[in-house]
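This briefing sets out selected features of one protein model for a reader who has the sequence and coordinates at hand. The points are grouped by topic.

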Amino acid sequence: MFKKILIANRGEIALRIVRACKEMGIGSVAVHSTADADAMHVRMADESVCIGPPSGAKSYLSIPSIISACEITGAEAVHPGYGFLSENAQFVQVLEDHSIAFIGPTSDHIRTMGDKITAKDTMKNLGVPCVPGSDGAVPTVEEAHEVAAEMGFPVIVKATAGGGGRGMKLARTANDLSEAFSTARSEAKGAFGNDEVYIEKYLTLPRHIEVQVFGDGKGQAVHLGERDCSLQRRHQKVFEEAPSPAIDAETRARIGKTCAEAVAAINYTGAGTIEFLFENGEFYFIEMNTRLQVEHPVTEAVYGVDLVQEQIRVAAGLPMSLEQDKLIPKGHAIECRINAEKLPEFAPSPGTIEAYHAPGGLGVRMDSAIYQGYRIPPYYDSLIGKLIVEAPDRDQALARLRRALDEFVVDGIHTTIPLFHELLDAPAVQSGDYNIHWLEKFLAGEA
């Protein structure tokens, strides 16, 4: 087992990993920018190293700085959390070259799944159902029209190296396609330095369903059911739950088995998430995230596991403790992503937290690194915490979430807490009858 792990991240996920290390008796090293000197993950870790100025590009994304921090502290392994360098194959390769363990999959797996076309081809060959689309990148607008006409409108143009909704444009008719194609390429070039795009059939009213998988890197893998992440704004998840209100036990077992067999076949290591669009009882693969997800706590609640500790054990070469026949879901869990944003425009709201009271009680978990007096810096993602509730069934989970939100106090900044009060009053959320477009319509007053 590792004696010391460096956490190449910040905020609530860095604190989450520090806590896992402490429970396992492993030393932890926090890295931080100058803007995060007073951050909770820095205070809670056993050691800390400043790795640069506030800019993420010059601190949390600086591979040389993180390698130096490992060498200074003697850290044997790096946990990347999510975001930043968590899916950067070059980073993993550099760690491998320096004999530092990466708590996650191999650089080859990250590289394969990081390119959406290669990922889709790989999954298709492994028997995972995929969205109908172009065979590889589409280089010209003329070819885009040919491909779209063959599969039928509407279609969506996507960056091959995309993520977070950037480089994605919808074309409902042939008249929309030329602009969608050029805009998607331009966005992709600016965001990812790669303007390659491909085309997929656009599903009208799908849900976003993702399957949690875990592999030992030696041909064994399991699935831990699905999460429903359909409540999204601008392709960003807002509210996640497990299990999905739309998936029955038979369907869960079928798609889970397919996903587990696929990652086992490629000797995948650690946690991963296979994401699908789900419509009319059919699954369509869209991408695989080769890291821990923001919404992993709902899976932990339903399956009674600690995914971070399992990541660490497998990365250290220990056998995977998860066994498929013992992974039986119990109850229901929901997560709300709490952002420092001003409604209704969702504008960033950095500033000092003047008062803070986290909700508690039976079945309530609060993953956050904020505290009273903490100043939220303006340089990073606006996520300040995740409120997770679990209960024996969905109705009780919704009631518990309502109670927890009533207890939640964050003063001094604006947050998205009021949004969740509104969502819990919406009949579609109460019944679980929603899709990936519902929240946008709700916010526009159309649902």
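**Strand pairing and packing in a predicted model**

Strands E10 and E11 are joined by four bridges and pair in the antiparallel sense. The model is a predicted one. Both strands belong to an open sheet of eight strands, which is antiparallel in its pairing and has the order E13-E12-E9-E10-E11-E14-E21-E19. Another open sheet is formed by five strands with parallel pairing.

**The eight-stranded sheet: edges and twist**

- Strand E13 (282-289) and strand E19 (364-368) each have a single partner strand and stand at the edges, so one side of each has no neighbour in the sheet.
- On average, neighbouring strands of this sheet are turned by 25 degrees against each other, direction ignored.
- Strand E12 (residues 269-279) runs antiparallel to E13 and is joined to E13 by seven bridges.
- Within this pair, Phe 278 has Phe 283 in E13 as its bridge partner.

**Helices packed on the eight-stranded sheet**

- Helix H9 (residues 249-265) packs on the sheet and touches strand E9 (207-216), strand E10 (221-233), E12 and E13.
- The direction of H9 makes about 115 degrees with that of E10.
- Helix H12 (residues 394-407) also packs on the sheet, where its contacts are strand E11 (236-242), strand E14 (332-339), E19 and strand E21 (383-391).
- The direction of H12 makes about 140 degrees with that of E21.

**Strand E11 and its partners**

- Six of the seven residues of E11 are buried, so this strand is largely enclosed by the rest of the structure.
- In the pairing of E10 with E11, Leu 231 stands opposite Phe 239 in E11.
- The hairpin of E10 and E11 has two residues between the strands, and Arg 234 takes a positive phi near 55 degrees there.
- E11 also pairs with E14 in the antiparallel sense, over four bridges.
- Glu 241 has Ile 334 in E14 as its bridge partner.

**The loop between E9 and E10**

- Gln 220 is placed in the loop between E9 and E10.
- Leaving aside neighbours within four places in sequence, the contacts of Gln 220 are Phe 214, Gly 215, Ala 264 and Met 320.
- Gln 220 and Ala 265 are 45 residues apart along the chain, and their C-alpha atoms are separated by 8.3 Å.

**The five-stranded parallel sheet**

- The strand order of this open sheet is E3-E2-E1-E4-E5.
- Strand E3 (47-52) and E5 are the edge strands, and each pairs on one side only.
- Strand E1 (residues 4-7) and strand E4 (residues 77-79) run parallel and are joined by three bridges.
- Leu 6 stands opposite Val 78 in E4.
- Helix H1 (residues 11-24) lies across E1, strand E2 (27-33) and E4, and runs at about 175 degrees to E1.

**The second largest pocket**

- The second largest pocket holds about 210 Å³ of space.
- This pocket is lined by 18 residues, of which Phe 102, Gly 104, Thr 269, Val 314 and Ala 315 are the closest to its centre.
- Helix H4 (89-97), strand E5 (101-102) and helix H11 (307-315) are the elements that give two or more residues to the lining.
- By class, the lining of the second largest pocket comprises ten nonpolar, five polar and three charged residues.

Terms used: Residues are numbered from 1 along each chain as its sequence is written. This is a predicted model: local features need pLDDT of at least 70, side-chain atom pairs count only at pLDDT 80 or more; totals for chains, interfaces and linings use all residues. Side-chain values use heavy atoms; hydrogens and water are left out. Two strands pair if DSSP finds at least two bridges between them. Axes are lines fitted to C-alpha atoms, for helices over the stretch in contact, and angles run from 0 to 180 degrees between N-to-C directions. Contact means heavy atoms within 4.5 Å. On a 1 Å grid over the protein atoms alone, a cavity is a set of points where a 1.4 Å probe fits but cannot get out, and a pocket is an open set with protein on both sides within 12 Å along at least five of seven lines; lining residues have an atom within 4 Å of a point. Grid points are joined across faces, edges and corners, and a volume is the space filled by probe spheres set on the points. Ala, Val, Leu, Ile, Met, Phe, Trp, Tyr, Cys and Pro count as nonpolar, Asp, Glu, Lys and Arg as charged, and the others, Gly among them, as polar. Buried means under 20% relative accessible area, exposed over 50%, partly exposed in between (1.4 Å probe, protein chains only).
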